[in-house]
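Hi there,

Here is the structure I promised to pass on. Have a look at it first, and then read on for what turned up.

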Amino acid sequence: MADDSQLLPHRNAIDAIDQQILQLMNQRAQHARAIGELKGTGVVYRPEREAQVLQRIKQINTGPLPDESVARLFREIMSECLAVERPLTIAYLGPQGTFTQLAAMKHFGHAAHTVACPTVDESMRLVEARQADYVVAPIENSTEGSVGRTLDLLVNTPLKVCGEVVLRIHHHLLCQHNHMNDLQVVYAHAQALAQCQRWLAKNLPENVRCVAVSSNGEAARLASEQSHAAAIASQAAAEIYQLHKLASNIEDEPNNTTRFLVLGYQDTTPSGTGDKTSLIVSAPNRAGTLHRLIAPFTQAGISLTKFESRPSHTGLWEYVFFIDIEGHHLDANIQAALNELRDVTGFVKVVGSYPMAVI
Ligand SMILES: O=C(O)C(=O)C[C@]1(C(=O)O)C=C[C@@H](O)C=C1
């Protein structure tokens with residue numbers, strides 16, 4: 001084993017490097033402050049610039065630190081620099097410890113202030129009422145599909161999508177005790193129950209009930225108050241509510257991933273790093289409708305990354321379509337496709353163009 005005298009030269013070098021990193025981070029923050037003054041009362045958060053910074057860092061990284069790690073570090077540096085300009089408030093489906101809160105931290109970093117809301121509706125309303133700057137809302141899960149309530153809320157909101165977050169979801173079974181004896185009920189969000197259904201069917205004692213609640217954070221909070229209850233929730237929730245892990249990674253699909261949208265009163269300019277545009281389209285219920293909706297994109301060579309229909313809530317068997325395409329709505333080929341689409345459909349809403357998730 002190395003003795004401390006062998007470590008010393010490296011530790012001295014690290015001390016000197018840390019001093020440089022510190023000075024450089026503060027210099028960076030001074031530039032951010034100057035940028036903030038130039039922006040005045042305008043929008044400080046610039047998702048397209050953040051995507052450029054993170055993508056560039058990954059591209060120029062020569063290691064040995066992995067690209068993902070350096071991107072995460074710079075995510076936090078930018079978060080602190082942005083807070084020097086003006087701290088942001090992010091609304092999310094709470095309480096603390098939900099995957100939505102984790103997604104908000106992943107996207108905005110730890111300098112952002114997060115505000116827990118009881119429902120996704122309430123989190124959107126907070127931003128619509130300008131009581132928070134942005135909202136992060138779950139939109140789809142790789143195992144369970146779309147989050148219908150979020151899609152419905154997109155139809156009427158004046159907010160624009162300005163970012164996306166992709167989060168790997170690991171579910172754990174959490175409880176006050178380190179055994180399943182006397183377990184009567186498992187609380188979880190309906191999506192989590194669905195994502196773990198095979199594991200639950202195989203491993204839960206027969207008399208244990210599964211009860212859907214408003215969020216996984218709420219499930220963990222309930223389990224921390226009820227000694228016969230367990231929750232399906234995140235590692236973060238286990239720590240916040242001081243629960244034991246009865247079983248880890250109980251999601252049925254090994255790649256279980258959720259995509260979240262970031263919304264605010266903001267249009268995002270093209271990033272050059274790869275943008276996406278989310279659209280909502282309604283069309284009369286006639287033969288050939290689907291073909292007419294898709295044809296303008298196919299002809300312009302635009303990729304569709306999502307196509308989903310939902311009841312319109314305005315007439316029986318009437319639908320709205322949620323379409324995500326690659327590219328920015330200001331791109332010439334997308335503008336042309338949208339104009340064509342407007343000729344064949346009753347309603348086209350551009351919910352926003354935004355950089356694809358970089359980290
Ligand atoms: O470039 C800007 O507009 C900045 O405000 C600087 C900065 C950064 O730290 O790099 C900070 C916040 C923005 O969201 C984007 C980038």
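How many Å is an oxygen atom of the ligand from an N or O atom in the side chain of Glu50? In this predicted model, the answer is 2.6 Å. Two other residues make polar contacts with ligand oxygens as well. Arg28 brings a polar side-chain atom to 2.7 Å from an oxygen atom of the ligand, while Arg46 does it through the backbone, with an N or O atom 2.9 Å from a ligand oxygen. On its own the ligand has 360 Å² of accessible area, and the protein covers 91% of that.

The shell around the ligand includes those three residues, along with Ile35, Lys39, Val44, Tyr45, Arg49, Met78, Cys81, Leu82 and Glu85. By class, the shell has 6 nonpolar and 6 charged residues, with no polar ones. At least two shell residues come from each of α1 (4-39), α2 (47-60) and α3 (67-85), and α3 has the largest share, with 4 residues.

Now to the open spaces. The ligand takes up the space of the largest pocket, whose volume is about 780 Å³. This pocket is lined by 26 residues, and Arg28, Val53, Phe74, Ile77 and Met78 are the closest to its centre. Here too α1, α2 and α3 come up, as the elements that give two or more residues to the lining. The lining divides into 17 nonpolar, 2 polar and 7 charged residues.

The second largest pocket has a volume of about 340 Å³. Of its 23 lining residues, Leu93, Thr100, Pro138, His189 and Gln191 are the closest to the centre. At least two lining residues come from each of α4, α5 (120-128), β3 (134-141), α7 (190-195) and β11 (257-264), and α7 gives the most, with 3 residues. Its lining has 9 nonpolar, 12 polar and 2 charged residues.

Finally, the enclosed spaces. There are 4 cavities of 30 Å³ or more, and the largest holds about 180 Å³ of space. It is lined by 17 residues, with Leu54, His107, Glu164, Ala357 and Val358 the closest to its centre. The elements that supply two or more residues to this lining are α2, α4 (99-108) and β5 (160-168). By class, the lining of the largest cavity has 11 nonpolar, 2 polar and 4 charged residues.

Enjoy exploring it!

Best wishes

Technical notes: Residues numbered from 1 in each chain as written. Predicted model: local features only at pLDDT ≥ 70, side-chain atom pairs only at ≥ 80, totals over all residues. Heavy atoms only, no water. Near = heavy atom within 4 Å. Polar contact = N/O pair within 3.5 Å; in protein donor to acceptor, adjacent residues only side chain to side chain. Areas by Shrake-Rupley, 256 points an atom, 1.4 Å probe, with all protein chains shown as cover. 1 Å grid on protein atoms, 1.4 Å probe; cavity = no way out; pocket = protein on both sides within 12 Å on 5 of 7 lines; lining within 4 Å. Sits in = over half its atoms within 2 Å of the grid points. Nonpolar A, V, L, I, M, F, W, Y, C, P; charged D, E, K, R; others polar. Points joined across faces, edges and corners; volume = space filled by probe spheres on them.
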